[in-house]
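Work through the exercises below with the model open. Try each task before reading its solution.

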Amino acid sequence: MNFNTIFLKSFRVLLLPVALVYGCIVYIRNRLFDKNYLKSADFNFPLVCVGNLAVGGTGKSPMVEYLVRLLKPQFKVGTLSRGYKRKTRGYALANANTTALEIGDEPMQFHIKFPDIPVAVGEERLVAIPQLLQDAPWLQAIILDDAFQHRSVKAGFNILLTDYSNLYTHDFFLPTGDLRDERSSAKRAQVIVVTKCPADLSLEKKQKIIRSLHPTENQRIFFTTIAYGIPYHICDRNDEWPLTQQDEVLLVCGIANPKPLKDHLLEHTHTYYQQDYSDHHIFSIDDLNDIKKKFRDIHARDKLILTTEKDAVRLSKFTEDLAGLPMYVLPIEPRFLFEEGEQFNAAVTDFIRNFSHQQIV
């Protein structure tokens with residue numbers, strides 16, 4: 001553990017009084033919803049919510065994309081996100097001219113990958129859901145991205161994510177820990193997914209985690225690991241670069257939890273150099289020049305710049321500069337462990353299908 005990590009942990013412990021006040025506020029808010037002093041809107045429409053109890057990267061965006069790929073062949077589906085760190089406010093529906101600054105980098109990533117489905121943003125889900133249904137009345141389901149803590153809307157199917165390396169049962173309220181909601185809120189989820197697990201997670205460890213999470217009788221717990229794809233050029237998806245042990249990589253990364261990515265590079269490349277940025281960093285031309293300079297300083301024959309899909313969305317505005325650079329994007333997706341993916345798929349699709357059937361009946 002380096003000095004910066006030790007200092008940060010010590011500083012966060014000193015903020016314990018603030019965390020206790022924050023925890024009290026969260027507790028009171030949840031009780032007001034539980035007692036119906038604050039109302040939750042229950043839409044007569046299948047809403048699938050993906051969320052977590054903590055801030056930071058638990059893999060919500062890859063899970064939303066997984067759900068879109070799963071549901072799109074069977075249902076007319078759209079996504080609704082907050083649009084974190086966008087430069088606009090209110091409801092917006094992505095179109096051919098939309099940029100990441102207008103809707104945020106994750107929704108823009110969804111829009112680029114799935115241009116044939118409605119991708120919307122709106123801070124107030126209670127207001128944005130009817131607007132999305134008005135714009136796309138043919139929809140059969142909406143995936144709510146990062147909406148678990150937004151209790152003004154009651155989703156019919158909640159998928160709660162928790163990071164294998166930082167389970168919510170071992171965490172504490174902000175700012176001492178990473179929790180933005182109570183641990184007990186997990187009982188509102190139909191499904192809990194432990195993300196970013198080691199690919200060789202043992203059955204013994206699996207059972208230990210299940211006991212730690214204390215699921216209710218009706219909850220299912222699934223485990224996923226990160227499956228990395230073949231990097232593709234940021235300007236041309238057909239230009240691929242399979243990683244080898246001869247490659248030296250400049251990693252350009254502005255995500256909340258880059259550790260699994262760095263572990264992947266340690267295993268699959270000769271070495272890598274870091275160019276780290278804060279989560280959701282908005283890249284400037286000066287940043288791009290720094291990246292170019294650091295890349296030139298790498299003296300290797302097989303070298304490339306590698307970035308994440310989220311970062312690629314925010315870098316894409318420099319298309320002309322990037323066209324001549326060997327900058328590649330590393331795609332990821334969740335892969336279910338213990339051969340339980342089909343059970344997860346069935347739980348989600350059965351919810352939508354049964355919901356629609358009940359409305360017809």
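**Exercise 1. Locate Glu339 and describe its backbone.**
Glu339 sits in the loop between strand 15 and helix 12 (341-360). Helices (H or I, at least four residues) and strands (E, at least two) are DSSP runs, numbered from the N terminus. Now check phi. Glu339 is not a glycine, yet its phi is positive, about 55°.

The model is predicted: local features need pLDDT of at least 70, side-chain atom pairs count only at pLDDT 80 or more, and totals for chains, interfaces and linings use all residues. Residues are numbered from 1 along each chain as its sequence is written, and side-chain values use heavy atoms, with hydrogens and water left out.

**Exercise 2. Find the loop that holds Asp146, then its phi.**
Asp146 belongs to the loop between strand 5 and strand 6. Its phi is near 60°, a positive value in a residue other than glycine.

**Exercise 3. Which peptide bond is cis, and where is Pro175?**
The cis bond joins Leu174 and Pro175, with omega about 0°. Pro175 is in the loop between strand 6 (157-163) and strand 7 (191-195).

**Exercise 4. Trace the open sheet and its edges.**
Start with the order: 9 strands run 3-4-2-5-1-6-7-8-15, with mixed pairing. Two strands pair if DSSP finds at least two bridges between them. Next, the edges: strand 3 (92-93) and strand 15 (332-336) each pair on one side only. Then look inside. Strand 1 (residues 47-52) and strand 5 (residues 141-145) are parallel partners over 4 bridges. There, Val48 stands opposite Ile143 in strand 5.

**Exercise 5. How do helix 3 and helix 5 pack?**
Step one: helix 3 (residues 60-71) and helix 5 (residues 105-113) make an angle of about 30°, and their axes are 11 Å apart. Axes are lines fitted to C-alpha atoms, for helices over the stretch in contact, and angles run from 0 to 180 degrees between N-to-C directions. Step two: helix 3 is therefore roughly parallel to helix 5 (angles under 35 degrees). Step three: Ser61, Val64 and Glu65 in helix 3 meet Glu106, Gln109, Phe110 and Lys113 in helix 5 (heavy atoms within 4.5 Å). Step four: the contact residues divide into 2 nonpolar, 2 polar and 3 charged. Ala, Val, Leu, Ile, Met, Phe, Trp, Tyr, Cys and Pro count as nonpolar, Asp, Glu, Lys and Arg as charged, and the others, Gly among them, as polar.

**Exercise 6. Pair strand 11 with strand 12.**
Strand 11 (residues 248-253) and strand 12 (residues 271-276) run parallel over 6 bridges. Val249 is opposite Tyr272 in strand 12.

How values were computed: Parallel < 35°, antiparallel > 145°, perpendicular 65-115°, else oblique.
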